[in-house]
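Please look over the sequence and the structure shown here, and then follow the paragraphs below through them step by step.

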Amino acid sequence: GKPVGRNSKGLAAAVEFVPRGGRLGLGADAPAREKAPKKFIKPGESREKPAEMVLAAGPEGKSRNVKSLDEKLVKREAPGAREGKSMYVIEGRHRGLLGRVLRLVQQEGRSERAQVELSSSGEVVTIRSAELADLGTREANTAQGKGKDRSRDGGGVGGGSGVGVGQKR
């Protein structure tokens, strides 16, 4: 009911902490873990694993660890291409572009493909699902050019000789 304290100006909103899994640091997202299926299940159990519930991302897209009492947890989004999902193209002619998956196309004898509407031009292209990456993944950052270049062609830190420590030129 009433505010507590000397000035009694307002109620403090109660918060609930959502624990991070295992050894995850601040801002880290837990990777999807695959468990080996049980050989025998008990009556009333199911082979389907329960949905993993997480706190919705913040306004900047970052993970959060504190929620108010009226907020609900949401199901963790499964990795991979799905209709309506925004993904980065990581290989091919459209590498580094963001697009929205319109539909998935499966043809016999071919890998799964996705029709993607590119955000930059609005063009609809067909791309293999293996060439798409979720937002925020290492592959997507590399395709955008945000990742560190680890090539050995001299573009890295320390000059361009390509000669390691203790090697002669």
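At 27% relative accessibility, Glu-117 counts as partly exposed, because buried means under 20% relative accessible area, exposed means over 50%, and partly exposed lies in between (1.4 Å probe, protein chains only). This is a predicted model, in which local features need pLDDT of at least 70 and side-chain atom pairs count only at pLDDT 80 or more, while totals for chains, interfaces and linings use all residues. Residues are numbered from 1 along each chain as its sequence is written, and side-chain values use heavy atoms, with hydrogens and water left out.

The side chain of Glu-117 meets that of Arg-100 in a salt bridge (2.9 Å, N to O), a term that stands for a side-chain nitrogen of Lys or Arg within 4 Å of a carboxyl oxygen of Asp or Glu. Since Arg-100 lies in strand E6 and Glu-117 in strand E7, the pair ties together parts that are 17 residues apart in sequence. Strands here are DSSP runs (E, at least two residues), numbered from the N terminus. Arg-100, at 36% relative accessibility, likewise counts as partly exposed.

Glu-117 also belongs to the uncovered face of strand E7 (residues 113-118), together with Arg-113 and Gln-115, whereas Ala-114, Val-116 and Leu-118 form the covered face. In a regular strand the side chains alternate between the two faces of the sheet.

From E7 one can follow the sheet outward. It is an open sheet of five strands in the order E8-E7-E6-E5-E9, with antiparallel pairing, where two strands pair if DSSP finds at least two bridges between them. The edge strands are E8 (124-128) and E9, each of which pairs on one side only, and the twist averages 50 degrees from one strand to the next, with axes taken as lines fitted to C-alpha atoms and angles running from 0 to 180 degrees between N-to-C directions.

On one side, E7 is joined to E8 by five bridges, and Gln-115 stands opposite Thr-126 in E8. The hairpin of E7 and E8 has five residues between the strands, and in this hairpin Gly-122 takes a positive phi near 80 degrees. Six bridges join E7 to E6, where Val-116 is the bridge partner of Val-101.

Strand E5 (residues 86-89) continues the sheet, with three bridges to E6 (residues 98-105) and three bridges to E9 (residues 132-134). Met-87 can be followed both ways, since it stands opposite Gly-99 in E6 and opposite Asp-134 in E9. Asp-134 in turn forms a salt bridge with Lys-85, the closest N and O atoms being 2.8 Å apart. Asp-134 lies in E9 and Lys-85 in the loop between strand E4 (74-75) and E5, so the pair ties together parts that are 49 residues apart in sequence. Asp-134 counts as buried because its relative accessibility is 15%, and Lys-85 counts as buried because its value is 7%.

The structure holds four salt bridges, and one of them joins the side chains of Glu-16 and Lys-67 (3.4 Å, N to O). Glu-16 lies in strand E1 (residues 15-17) and Lys-67 in strand E3, so this pair ties together parts that are 51 residues apart in sequence. Which of the labels buried or partly exposed fits Lys-67? At 8% relative accessibility, Lys-67 counts as buried, whereas Glu-16, at 36%, counts as partly exposed.

Technical notes: Helix = DSSP H or I, 4+ residues; strand = E, 2+ residues; numbered from the N terminus.
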